[in-house]
Amino acid sequence: GNLAIAETLLSSAIIGIIYAVFSGQPLVIMGITGPVSLLLGTSYGLTKTFDAEYFPFFFWICIWAGVMHILSAMVGLVQLVWSVTPFTGQIFELFIAITFVYTAVRDLVEPIYLGQ
């Protein structure tokens, strides 16, 4: 019942094929992006911390994200995009890169430290 790398890749491949066949756009990149993988990893860590089941927890995260997207579309928050500078996007990209590097180094160092 867990969503690991193999299941994620398989589900992305199946959905990508279905999307390419029915949308007429076979070159669209379908897959997990940096922010999505951070969301999945962080939500999994939170379920371990709070001793909760993963799929119901992630379901409610997605429901609330959907509600926030709908409300922001109704209010017209998309107009704020014009006030965002390239610097803001670059800071977000730097945050994602630092998070991935930190996680990789942690996963390399932690088994060595625990082995002593």
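**Exercise 1. Is S43 buried or exposed, and which residues does S43 touch beyond its sequence neighbours?**

Solution.
- Begin with the accessible area: in this predicted model, S43 has a relative accessible area of 1%. Buried means under 20%, so S43 counts as buried.
- Next, place the residue: S43 belongs to helix α2.
- Now look for its polar partner. A polar atom of the S43 side chain lies 3.0 Å from the backbone oxygen of L40.
- Finally, list the contacts, setting aside residues up to four places away in sequence: S43 touches Y54, F57, F58 and I61.

**Exercise 2. Which pattern does the chain follow along the sequence?**

Solution.
- Count the elements: the chain has four helices and zero strands.
- Read them in order, and the pattern is α-α-α-α.
- Turn to burial: of the 116 residues, 10% count as buried.
- Then take the surface. The chain exposes about 9,800 Å², and carbon and sulfur atoms supply 75% of that area.
- Last come the contacts between residues at least 6 apart in sequence: 36% of these join residues at least 24 apart.

**Exercise 3. Work out what span helix α3 should have, and compare it with the model.**

Solution.
- Helix α3 covers residues 54-75, which makes 22 residues.
- The rule is 1.5 Å times one less than the number of residues, so the helix should span 32 Å.
- Check the model: the end C-alpha atoms of α3 are 32 Å apart, which agrees with the expected span.
- Step just past the helix, and you meet G76, with a positive phi of about 90°.

**Exercise 4. Where is D51 found, and what is its phi?**

Solution.
- Find the place: D51 sits in the loop between α2 (34-50) and α3.
- Recall the usual case: most residues other than glycine have a negative phi.
- Now compare: D51 is not a glycine, yet its phi is positive, at about 55°.
- Check the surroundings too. D51 has a relative accessible area of 74%, so it is exposed.

**Exercise 5. How many aromatic pairs does the structure hold?**

Solution.
- The structure holds four aromatic pairs.
- One of them joins F59 and W60, with 5.3 Å from centre to centre and 80° between the planes.
- Angles over 60 degrees count as edge-to-face, so the F59 and W60 pair is edge-to-face.
- F59 itself is partly exposed, with a relative accessible area of 46%.
- Look also for a group of rings: Y44, Y54, F55 and F58 are linked into a cluster by ring pairs. Y54 and F58 may be familiar, as both are among the residues that S43 touches.

**Exercise 6. Which side chains meet in a salt bridge?**

Solution.
- Start from the idea that side chains of opposite charge can pair when their charged atoms come close.
- A search of the whole structure finds one salt bridge.
- Its partners are D107 and R106, at 3.6 Å from N to O.
- Ask how open each partner is: D107 is partly exposed at 43% relative accessible area, and R106 is partly exposed at 36%.

**Exercise 7. Which residues is F100 in contact with, leaving aside neighbours within four places in sequence?**

Solution.
- Locate F100 in helix α4, which runs over residues 86-115.
- With those neighbours set aside, F100 is in contact with G34 and S37.
- Take S37 as an example: 63 residues separate F100 and S37 along the chain, while their C-alpha atoms are 9.7 Å apart.
- F100 has a relative accessible area of 39%, so F100 is partly exposed.

Note on methods. Residues are numbered from 1 along each chain as its sequence is written. This is a predicted model: local features need pLDDT of at least 70, side-chain atom pairs count only at pLDDT 80 or more; totals for chains, interfaces and linings use all residues. Side-chain values use heavy atoms; hydrogens and water are left out. Helices (H or I, at least four residues) and strands (E, at least two) are DSSP runs, numbered from the N terminus. Buried means under 20% relative accessible area, exposed over 50%, partly exposed in between (1.4 Å probe, protein chains only). Contact means heavy atoms within 4.5 Å. Accessible areas come from the Shrake-Rupley method with a 1.4 Å probe; for residues, only the protein chains shown count as cover. A salt bridge is a side-chain nitrogen of Lys or Arg within 4 Å of a carboxyl oxygen of Asp or Glu. Rings of Phe, Tyr and Trp (its six-membered ring) pair if their centres lie within 6.5 Å; planes under 30 degrees apart count as stacked, over 60 as edge-to-face and the rest as tilted. A polar contact is a pair of N or O atoms within 3.5 Å; within protein, one must be able to donate a hydrogen and the other to accept it, and residues adjacent in sequence count only if both atoms are side-chain atoms.
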